[in-house]
Structures are given as C-alpha cells and as structure tokens.
Amino acid sequence: MLRRHTAAGRRAALTALGVLALTGVTTAATAAPPPPAPASTAAQTLGADRPPAAVVRAMERDLKLKPGQAAERLVNEAEAGVRAGRLRNSLGKRFAGAWLRGATSAELAVATTHSNDVSAIQAQGAKAIVVKHPLAELQAVKDKLDKAATSANTRDTPVWYVDVPTNRVVVQAVKQSAATAFIKTAGVQDEGVAVTVSAQRPRPLADLVGGDAYYIEGSARCSIGFSITKDTQQGFASAGHCGNAKDSTTGSNMAAQGTFQASTFPGKDMSWVSTNSTWTATADVEGEGGQRTQVTGSVQALVGSSICRSGSTTGWHCGTIEQHDTSVSYSEGTVDGVTETTVCAEPGDSGGPYISGSQAQGVTSGGSGDCTDGGTTFYQPINPILSDFGLVLKTATAQAGSPAPKDNGTAGTWSAGRVYEAGSTVNHAGLRYQCLQSHQAQGKWSPGATPALWQRM
C-alpha cells in the first residue's frame, strides 16, 4: 500500500520485487507490416493521435524514447488494441494472449494454440506465436491458486499471475519450498506452474484532480484517482486500503471534502468518496510541472503498452504494463486482478491514477522500490471499480447515461454507462456487435460509431 500516515513513525516502507524472464515459446515467421488504418482510426477514437504534452515528455524521460517516438508509440498501441480484439474474437478458445514489443510498440504479438491460425494472425499485421496452453486454461490454473489463497498462508508467496508472453502461470516466492507448498495446496503441481524466487515482498502504497493529495480522518494521506459521478452525486475513485466506509476526508487544502461511501480491501483494492458541494468533479489528472491532462475514456491497454501515473508524493512517472490479472498477497490479505507495471511509486501515492494516453487504467494499490532507484507497482483496474460501485467516469467529453448493471458477457441492448468486457456481445440499432476492448461505454461510443471498440457480427 502506498498510503502515507502523517504521524511520525507510521510511514510504510516499500520492498523491491524480483524480475522474471522465462523462455520456451515457439515463434512463427515474422508478420508483414500492419495494413493501412481506416479513415476513422482507433487512435482518433481514443485521442491517441493528439497526446497531452505532459504524457509525451514523461514517456520520453522514463522510457528513454527519442523525440517523436512517444507519440508514435501511443498511436501504435491504440491501433494494436483493435487488431488484438478482433483476433481474440475470431480465435475463440484457441486464443492465448496478446502483447506489444519495441520502443514504439510497433510489434503486436498474438498467441494461438494452433498453427493453422498463423496466416489469419499475420493478416491482421501481428506476429504469430504458437503455444501449448490457451489463455482460458492458464486463467483456470490461476483461479485455483486464488481459491487456495483464501485459506493458505501466502506471506512467503506474495505474487502470482498469468505471464502471457511465456504462456505460463508464475508464482513468486521468498523460498522454493513455500512455492512448492502453495502450488500443492492449490492442486496445480502438474500444471507447469513456474516459480521465481525473490527475497522481496510488495506492500500496499498509501496520499478533484487525479493525483492530488487527500487526507483520511486526519491520520493518513492518499491520492485522488479519477473523478466520477453516481447519479447527481460527484466524487472520486481511489484505493480501498486508503479508508473505510464512512471515513471522512479533507482535501489538499485541508478543507472538508467528503466521505467514503464504499471500500473493498483486501480481495480488491477499490473505494469511492462522495464530495460536498464545494468540490467539482473534473476530467483532469495532475501531470508534470502542474500541467493537467484530461481523461477521455477507460479502454484497457494491452500488456507492453506505455502507462503513466500521478501521485501526491512523487508526481508524474511512466513505464510499461507487465501483466494483467495479477494476485498480490499483502500483509493485510490477498488482492486479485491487479495489473503489474514498471512505474515507480512511494508512500502517499496510493489511490492515484494510471493512464495510457488519455485512457484511464486504474488506481495505485501497492508495489516496491522507490522513484530514486526504480521500482514495481500494481494498480487496481478502473473498470471493475466503475461496475462494482455503479459509477460513471468523468471524461473530457460529457458522458451520457447513468451506470448500467455489470456486463455478464451475454447479448443485451447496448447502454451508455455499462462496463463491457472484451468478447461480450450487445444489440444496437437492430444489429449485433462483439466488444473488442474492455471499456465503460459513453454516449458518443455507440457500437456502430466506434469500430475501434465494437465489431459487427
């Protein structure tokens, strides 16, 4: 947790996490360059063709990019998300994941369990990787580990996740014997689970503009995540470990601000705070040097995509997405479904926003290291926060509609305000569509108008 306590002696220290590299995946022939983009591109839909200057500068600094590479990377990432979504839908049960490579994210890799799919993958301008296990099978193995963690002691096995590029489930452990015991308890000892040994353990990070400080009951500081609305009530989303339901908050100016309406931690790391009439929800996130950037949506980025974070302790920093759907065992309990990144953070940054281009991704949960020597962080994805609590993300373009029931993956009438997962289906204007990228629907993003997000069936 990166929650910073104001009382002396209560500042949480972060510990370093080990880095894993695995091999053994079969690679098909290099794909041809991607086909020309249509007139209405994903980059235009998601605003990646006009990136905020603060995002570009921070990406160049933290990812060590040359001038022009950051802008090129953001466009490539937006377009790759569409191609990956189409392939996910067409490959079905054979789909084994997608990720990006290269300084400008120019290479999209898509994995399948059948060599007959190689030509179809290459036709979408992607590199085909033939692997043994479909993504659904790996997720089922991780689900068994998640279930075992509810009763097992996971102090010495603090992290486990599906590593898509290596086509394996990985358990990070303080010692081999702890990993072996955890894997056996979950009943997955014959499922090819990989183990990486590290002496380090992540801890939660704990400080209406995303990244600004707020204070909880006068004893701790976290960072605002993203502004939201719930019907006519304004507020913001943040991390669950920052406060409990009914806890009061004050703003960075120490003026009365609001009250935690709901908080989940552990299990998930999410909360939302309703604010009083003196605070106005905005689509802004605090960038470098006090400059603000605006959020335009919540389309989930691929593994390998660039991502930037704002926090009230360390400000604005960027890195890349390592993997989604990671489970982390903090001393307070296990949190499932977070995303691991190479972005640094420190105590007080908890709850702060992560964005990819101008798309909201999540709020800071925990991590290791610091912003002097570098570190690893985990964020709670924003879309589950919106769907679990019935919230609507505040975006630069006014969002139409109220929060709709959580998407269950089956066909229904499309509705603004609903969070849709990749692969789910909807009916709209007499036609049926399948979702390409997970996102919260906005009024301007109806299926027929956004081929970057929806594919007609």
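Which residues line the second largest cavity? In this predicted model, the lining of the second largest cavity is made up of Gly210, Gly225, Phe226, Ser227, Thr282, Ala283, Asp284, Val285, Val295, Leu393 and Lys394. The space enclosed there is about 40 Å³, and both β12 (226–230) and β17 (284–286) supply at least two residues of its lining. By residue class, the lining of this second largest cavity divides into five nonpolar, four polar and two charged residues.

Phe226, which is one of the residues lining that cavity, also belongs to the largest nonpolar core, where it is listed with Met59, Trp316, Ile385 and Trp454 as the residues that touch the most other members among the 44 in that core. Apart from this core there is a second, separate one of 39 residues, which includes Ala128, Val141, Leu145 and Val169. In soluble globular proteins, nonpolar side chains tend to be buried together.

The largest cavity holds about 170 Å³ of space, and of the 18 residues that line it, those closest to its centre are Leu46, Glu77, Ala78, Ala301 and Ser356. Two elements, α3 and β23, give two or more residues to this lining, with α3 providing the largest share, namely four residues. The lining of the largest cavity divides into seven nonpolar, 10 polar and one charged residue.

Turning from the cavities to the pockets, the largest pocket has a volume of about 1,300 Å³, and Gln139, Gln300, His324, Asp325 and Glu421 are the closest to its centre of the 46 residues that line it. Its lining draws at least two residues from each of α3 (69–91), β3 (95–101), α5 (135–149), β20 (315–330), β21 (333–341), β23 (359–370), β24 (374–381) and α7 (382–389), and among the contributors α5 gives the most, with six residues. In composition, the lining of the largest pocket comprises 18 nonpolar, 17 polar and 11 charged residues. The elements α3 and β23 thus appear in the lining of the largest pocket as well as in that of the largest cavity.

As for the confidence of the prediction, the mean pLDDT of the protein chain is 88, and 88% of its residues reach 70 or more. Over residues 6–31, however, the pLDDT is below 50, although this stretch has 75 contacts in the model beyond near neighbours in sequence.

Notes. Residues numbered from 1 in each chain as written. Predicted model: local features only at pLDDT ≥ 70, side-chain atom pairs only at ≥ 80, totals over all residues. Heavy atoms only, no water. 1 Å grid on protein atoms, 1.4 Å probe; cavity = no way out; pocket = protein on both sides within 12 Å on 5 of 7 lines; lining within 4 Å. Points joined across faces, edges and corners; volume = space filled by probe spheres on them. Nonpolar A, V, L, I, M, F, W, Y, C, P; charged D, E, K, R; others polar. pLDDT = per-residue confidence, 0-100. Contact = heavy atoms within 4.5 Å. Core = buried A, V, L, I, M, F, W, Y, C linked by side-chain atoms within 4.5 Å. Buried < 20%, exposed > 50% of the residue type's maximum accessible area, 1.4 Å probe, protein only.
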